[in-house]
Amino acid sequence: MSIDMFEPEDFHRLLPKNDDFMAALEEDSLKRGVRICGPDVANMLSVLIKSISAERVLEIGTAVGYSTIFMARALPEGGRITTMEWDEEAVKEARGNFKATGLEDRIESLVGDAREMLQGLEPGTFDVIFMDHEKYMYADDLPECVRLLRDGGTLICDNVAFRTSMDFKERLAEHPQLETTFLYGTFFRHSPDEDVVSISVKVR
Ligand SMILES: C[S@@+](CC[C@H](N)C(=O)[O-])C[C@H]1O[C@@H](n2cnc3c(N)ncnc32)[C@H](O)[C@@H]1O
């Protein structure tokens, strides 16, 4: 896709460069087919976290911890991210990556089915929630995410254009406690390149 005379890369190259560790993790993930959000969306997560001075973040879907590391780095001193993943091999890898980047103190890595773990968390705990697990689960898990988000908090959902997320976009748009916008675009090294990411704020 090109917008007028610009290509997505023209914008991508303006974003902060990955350090060597993250560049290698990105490369390796893409090679192995690990579905990471890629540098453009990761950068967007970082900006959104900083824009509301978020201190508590929840991620659903860790994989190898690529997006988790971007978000953990965006947090202020004392900030914390809880990330959920049911694939034990992926968790092992992610925890190694958290250690290698010196971030393990600010990341709580939980293993198991997010649908069960979400229920055990206190309402209003999180400033930001990033939903990035199985797309067909989004609609059912939305009420839990809204419950766990503080008033004024931000919910970001990746891959909203997937058919498997079914009527999720309508549920988001019509949710009485959320105000939502949809970003449609070509996200560099995102899985897939062209997709929709939603950003919602909990308004009441
Ligand atoms: C798209 S990947 C996450 C990518 C990661 N957020 C990133 O951008 O680097 C989705 C992950 O969610 C995990 N997952 C899917 N459904 C889950 C569930 N119900 N509970 C926990 N993890 C789940 C999958 O095993 C997979 O590793």
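What radius of gyration would a compact globule of 204 residues have, and what does the chain have? For 204 residues, a compact globule would be expected near 17 Å, and the chain has 16 Å, which agrees. The model examined here is a predicted one. Measured out along its principal axes, in the computed sense, the C-alpha trace spans about 40 × 40 × 30 Å. The chain contains 8 helices and 7 strands. Buried residues account for 36% of the 204 residues. The fold also brings distant parts of the sequence together: of the contacts between residues at least 6 apart in sequence, 72% join residues at least 24 apart.The interior of the chain is a good place to continue. The largest nonpolar core has 45 residues, and V57, M71 and I129 are those with the most contacts inside it. Helix α4 supplies the largest share of this core, 6 residues. V57 offers a view of these surroundings: leaving aside neighbours within four places in sequence, V57 is in contact with I49, M71, L75, I81, F126, D127 and V128. One of these partners, M71, is itself among the core residues with the most contacts, and another, I49, is one of the buried residues of helix α3.

Helix α3 covers residues 38-51, 14 residues in total. From its first C-alpha to its last, α3 reaches 20 Å, close to the 20 Å expected at 1.5 Å a residue. Its buried residues are G38, P39, D40, V41, A42, L45 and I49. Helix α2, at residues 20-32, can be described in a similar way: its 13 residues reach 18 Å from the first C-alpha to the last, close to the 18 Å expected at 1.5 Å a residue. After α2 comes G33, with a positive phi near 75 degrees.

A positive phi also follows α3, at S53. Most residues other than glycine have a negative phi. S53 is not a glycine, yet its phi is positive, at about 50 degrees. This serine lies in the loop between α3 and β1 (56-60). S53 counts as exposed because 10 C-beta neighbours lie inside 10 Å, and the cut-off for exposed is 12 or fewer. A63 has a positive phi as well, near 50 degrees, and is likewise a residue other than glycine. Its place is the loop between β1 and α4. Is A63 buried or exposed? With 23 C-beta neighbours inside 10 Å, A63 counts as buried, since 20 or more are needed for that label.

The ligand comes next. Around the ligand there are 19 residues, of which C37, G61, Y66, S67 and A114 come nearest. The elements that give two or more residues to this shell are α4 (66-74), β2 (80-85) and α6 (114-117). By class, the shell holds 9 nonpolar, 3 polar and 7 charged residues. Helix α4 therefore appears in two parts of this description, as an element giving two or more residues to the ligand shell and as the source of the largest share of the nonpolar core.

Strand β2, another element of the ligand shell, contains T83. T83 counts as buried because it has 26 C-beta neighbours inside 10 Å. Beyond its neighbours within four places in sequence, T83 is in contact with E59, T62, T68, I107, S109 and L110. How far apart in space are T83 and F188? Their C-alpha atoms are 23 Å apart, and the two residues are 105 residues apart in sequence.

Strand β6 (residues 178-186) contains F182. F182 has 15 C-beta neighbours inside 10 Å, so this phenylalanine counts as partly exposed. Its contacts, leaving aside neighbours within four places in sequence, are with V160, V196 and S198. F182 and L14 are 168 residues apart along the chain, and their C-alpha atoms are separated by 23 Å.

A final stop is G124, found in the loop between α6 and β4 (126-131). With 14 other C-beta atoms within 10 Å, G124 is partly exposed. G124 and Y136 are 12 residues apart in sequence, and 24 Å lies between them in space, C-alpha to C-alpha.

Note on methods. Residues numbered from 1 in each chain as written. Predicted model: local features only at pLDDT ≥ 70, side-chain atom pairs only at ≥ 80, totals over all residues. Helix = DSSP H or I, 4+ residues; strand = E, 2+ residues; numbered from the N terminus. Rg over C-alpha atoms; globule rule 2.2 N^0.38 Å. Contact = placed C-beta atoms within 7 Å. Near = placed C-beta within 6 Å. Nonpolar A, V, L, I, M, F, W, Y, C, P; charged D, E, K, R; others polar. Expected span 1.5 Å × (residues − 1). Core = buried A, V, L, I, M, F, W, Y, C linked by C-beta atoms within 7 Å.
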